[in-house]
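Trainee: Got a minute to go through this one with me? I'd like to start with how the helices pack.

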Amino acid sequence: MARPRARKQGGGMIQLLKSLGQDDILVLTICSLVLFDSLLTALIIVKVPYTKIDWDAYMSQVDGFVGGERNYSNLRGDTGPLVYPAGFLYIYSAIQYITKGIVANGQVVFGLLYILNLAVVFAIYHQAKLLPFWAFCLLCLSKRIHSIFVLRLFNDCIASTLAHTSILLFQKNKWKSGMVVFSLAVSVKMNVLLYAPSLLLLMFKGLDLVDISANILLAAVVQVLLGMPFLLVYPWEYVSKAFDLGRVFIHFWSVNFKFVPEAVFVSKGFALALLALHLSLLIVFAQFRWCKYEQGLLPALKLQSKLHQIPDLFFLKPMKSLRKEDKSFIDPRHIATVLFTGNFIGILCARSLHYQFYSWYFHSLPYLLWITSYPTLLRLIILLVIEVCWNVYPSTCISSLALLLSHVLLLVIFLMQRRMPKHFDYS
């Protein structure tokens, strides 16, 4: 008697699965992946030894801040002076309070942060409707990313999570909320500014001048408020240390340009050449990719209509605009495409990528690969090559050259393709 009942129950389960819509299946896929990666992350924390790099330095810098030091020049750790904006200090002060400065406790906090970031990234992909169901698992399989989050506890993890959250808010047409979170991400680490040119373009495409001004003002106010304890007493020390754009990294740690001779690597000419390339690529992508359907960059900026809105700026309309969310109807996929490619261009042109910098763009790689017309096998090969290059320690001339060529190949194919891939219908 039990066997027919079991067959009936099994048949009911099959019918239930058949009745599920595409979106239901995606939600189940995402929940399963989050559960799987939660278990994997917990296993890594328990079984893999922690790598001491910056945690002690972070805690020393926090100790100085909590102890009353407000001169940024005097906030130091065993790896050198503090070079991050004030949001870094507030967040790591909270982490120190929660963890008592104990590494094992910190790993648990960063494990939770890893899962939160993964959930936000899944939501971005869901909004964009780009990836097939099975490809979502690619976001869970990076050895280096797990290491950066739970074995090294870098502030890059916090900055990336906040940056991804802001992208999701932009996709949901919550521009002011997104700008606040984006500014918070910048206050943890300045690499988030790599998104800024493409973000500004999106605002020009979708918002009027008053709302653009209000959003920029909001981001600036966040920075001023966070930096106020330091700006009031030692303003130059704070600005020069927290927003130092002239730092020269050590050639040994470079993952992307190890094949470049050290004398060239540290030269000002090399830095200027990469900056020129960065700006040129942004203009090219804006003209031929991001603004393709508007017939180019200038029409997309809507400068003529923006000029007519200038008088509104003198009647405090940006202040009034702060009280409401903006009305913009930019396609969520277009938002993700412009922001992810803009950030990736900055990664390509960065003079030095250290190992933790992989967290700046790893979660966008499946997106960037599927936005191209590559065959799936080639997409997976490129992703694997990039992952392998980031796991070579120390980096070699061959690994850094392979990484650079993979980046260039991805970007060139995206620029040259004529048609964008179809939307996946998850509904």
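Trainee: So are α7 and α8 roughly parallel or roughly antiparallel to each other?

Mentor: Roughly antiparallel, the class for angles over 145 degrees (under 35 is roughly parallel, 65 to 115 roughly perpendicular, the rest oblique). Keep in mind that this is a predicted model, where local features need pLDDT of at least 70 and side-chain atom pairs pLDDT 80 or more, while totals for chains, interfaces and linings use all residues. Residues are numbered from 1 along each chain as its sequence is written, and side-chain values use heavy atoms, with hydrogens and water left out.

Trainee: What's the crossing angle for α7 and α8, and which residues are in those helices?

Mentor: Roughly 165°, with the axes coming within 8 Å; α7 covers residues 155–171 and α8 covers 175–188. Axes are lines fitted to C-alpha atoms, for helices over the stretch in contact, and angles go from 0 to 180 degrees between N-to-C directions. The helices are DSSP runs of H or I with at least four residues, strands are E runs of at least two, and numbering starts at the N terminus.

Trainee: Left-handed or right-handed crossing for α7 and α8?

Mentor: Left-handed, meaning the near helix is turned anticlockwise from the far one by less than a right angle; clockwise would be right-handed.

Trainee: Which residues meet there?

Mentor: On α7 they include Ile-158, Leu-162 and Phe-170, and on α8 Trp-175, Phe-182 and Val-188 are among them. Contact here is heavy atoms within 4.5 Å. By class, the α7 and α8 contact has 13 nonpolar, five polar and no charged residues. Nonpolar covers Ala, Val, Leu, Ile, Met, Phe, Trp, Tyr, Cys and Pro, charged covers Asp, Glu, Lys and Arg, and the others count as polar, Gly among them.

Trainee: And what angle do α5 and α6 pack at?

Mentor: About 135°, with their axes 8 Å apart, and that makes α5 oblique to α6. Phe-110, Tyr-114 and Asn-117 are among the α5 residues in the contact, and His-146 and Phe-149 among those of α6. That contact has seven nonpolar, four polar and no charged residues.

Trainee: What kind of ring pair do Tyr-114 and Phe-149 make?

Mentor: Their centres are 5.3 Å apart and their planes sit at 80°, so the pair is edge-to-face. Rings of Phe, Tyr and Trp (its six-membered ring) pair with centres within 6.5 Å; planes under 30 degrees apart are stacked, over 60 edge-to-face, and the rest tilted. The two residues are 35 apart in the chain, and both are buried, which is under 20% relative accessible area with a 1.4 Å probe and protein chains only (exposed is over 50%, partly exposed in between).

Trainee: How many aromatic pairs does the structure hold?

Mentor: There are 35. Ring pairs also join Phe-252, Trp-253, Phe-344, Tyr-355, Tyr-358, Tyr-361, Phe-362, Trp-390 and Tyr-393 into a cluster.

Trainee: Switching to loops: where is Ile-330?

Mentor: Between α16 (317–321) and α17 (332–348). Ile-330 is buried at 16% relative accessible area. Setting aside neighbours within four places in sequence, Ile-330 contacts Trp-175, Leu-202, Gly-206 and Ile-335.

Trainee: And is Phe-133 buried or partly exposed?

Mentor: Partly exposed, at 23%. Phe-133 sits in the loop between α5 and α6, and its C-alpha is 8.8 Å from that of Ile-30, 103 residues away in sequence.
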